[in-house]
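Here is a short report on one protein model. Please keep the sequence and the 3D view open while reading.

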Amino acid sequence: MDIKELLVIGDSDLWIHQLQGEWTIKNVKILQYLHCMKKLCKQFTKMEFKHIPRIHNEFFDAPATLSSMIQHPDKNYIDPIKIELRDQHFHVDEESDGKPWYYDIKRFLETREYPKNATNGQKRALKRLANHFFLNREVLYMRTTYLDLLRCVDAVKATKFLEEVHAVTCGPHMNGFTLA
């Protein structure tokens, strides 16, 4: 494409400093990538690296995610992707009875008592379902297939957590597509 000057913007401060030779590489697995990048750098007359913190990286991450999902035709030009920003508001529906979704499971683990008016089928289902949960004092966790524990939260906390994650307060290390 006859590009002579290139600005590389990345969210890994470590990688950028290693590429520029300012920091040493301790992980030998990365050496192969470094040699490849240095070979590519020789193809340009000017190459500049700029670090953008991950928290400010959502504009650069979105096109990369979209482009990885598209089959590119064999041509030098790719049509630009238009991105429109919208305000995001999250809301998790609350239970009609005002209790969190996990109320019956937590109560069963605490007292081994079934809800009033529960049928035999509902009792068996609750007992089977409770095997996938773990109660630590007042906090209920759900076990995953990998034996990780996921904290059970009510609708108010779930909405708060969604807003924090999407506001990049928590700084997830995954792209938006994976996060969704």
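The sections below go from the overall layout to single residues.

## Overall layout

This is a predicted model. The protein has 7 helices and 5 strands. From the N terminus on, these elements follow the order β-α-α-β-α-α-α-β-β-β-α-α.

The protein has 180 residues, and 14% of them count as buried. Its accessible surface is about 15,000 Å². Carbon and sulfur atoms make up 54% of that surface. Among contacts in the protein with a separation of 6 or more, 51% are between residues 24 or more positions apart.

## The three-stranded sheet

Three strands form an open sheet in the order β3-β4-β5. The pairing is antiparallel. β3 covers 133–136 and β5 covers 149–151. Both stand at the edges with a single partner strand each, so one side of each has no neighbour in the sheet. Neighbouring strands of this sheet are turned against each other by 35° on average, direction ignored.

β4 spans residues 139–143. It runs antiparallel to β3, and 4 bridges join the two strands. F133 has M142 in β4 as its bridge partner. F134 has Y141 in β4 as its bridge partner. β3 and β4 form a hairpin, with 2 residues between them. In the turn, R137 has a positive phi of about 55°.

## A helix on the sheet

Which strands does helix α4 touch where it packs on the sheet? Helix α4, residues 103–111, touches β3 and β4. The direction of α4 makes about 65° with that of β3.

## Aromatic pairs

The model has 4 aromatic pairs. One of them joins W101 and F133. A pair of aromatic rings is described by the distance of the centres and the angle of the planes. For W101 and F133, the ring centres are 6.2 Å apart and the planes stand at 55°. Planes under 30 degrees apart would count as stacked and those over 60 as edge-to-face, so this pair is tilted.

What does the pair tie together? W101 lies in the loop between α3 (58–69) and α4, while F133 lies in strand β3. The pair therefore ties together parts that are 32 residues apart in sequence. A cluster is present here too: W101, Y102 and F133 form one aromatic cluster.

Are the two rings' residues buried or exposed? W101 is partly exposed, with a relative accessible area of 44%. F133 is buried, with a relative accessible area of 5%. The cut-off for buried is under 20%, so F133 at 5% meets it.

## Helix α1 and its contacts

Helix α1 covers residues 13–19 and includes Q18. Q18 counts as buried, at 6% relative accessibility. Leaving aside neighbours within four places in sequence, Q18 is in contact with W23, T24, I25, I30 and L34.

H17 also has its place in helix α1. Its relative accessible area is 18%, so H17 is buried. Which residues does H17 touch, not counting those up to four places away in sequence? H17 touches E22 and W23. W23 is thus also on the contact list of Q18.

## M37 in helix α2

Helix α2 takes in residues 28–41, and M37 is found there. Leaving aside neighbours within four places in sequence, M37 is in contact with W15, L19 and F49. M37 and L19 are 18 residues apart along the chain. Their C-alpha atoms are separated by 7.6 Å.

## Cysteines

How many disulfides does the structure hold? The structure holds 0 disulfides. C41 is in no disulfide. From C41, the nearest cysteine sulfur is that of C36, 9.6 Å away. A disulfide needs sulfur atoms within 2.5 Å, so C41 and C36 do not form one.

C152 is another cysteine to look at in the view. At 7% relative accessibility, C152 counts as buried.

How values were computed:
Residues are numbered from 1 along each chain as its sequence is written. This is a predicted model: local features need pLDDT of at least 70, side-chain atom pairs count only at pLDDT 80 or more; totals for chains, interfaces and linings use all residues. Side-chain values use heavy atoms; hydrogens and water are left out. Two strands pair if DSSP finds at least two bridges between them. Axes are lines fitted to C-alpha atoms, for helices over the stretch in contact, and angles run from 0 to 180 degrees between N-to-C directions. Contact means heavy atoms within 4.5 Å. Rings of Phe, Tyr and Trp (its six-membered ring) pair if their centres lie within 6.5 Å; planes under 30 degrees apart count as stacked, over 60 as edge-to-face and the rest as tilted. Buried means under 20% relative accessible area, exposed over 50%, partly exposed in between (1.4 Å probe, protein chains only). Accessible areas come from the Shrake-Rupley method with a 1.4 Å probe; for residues, only the protein chains shown count as cover.
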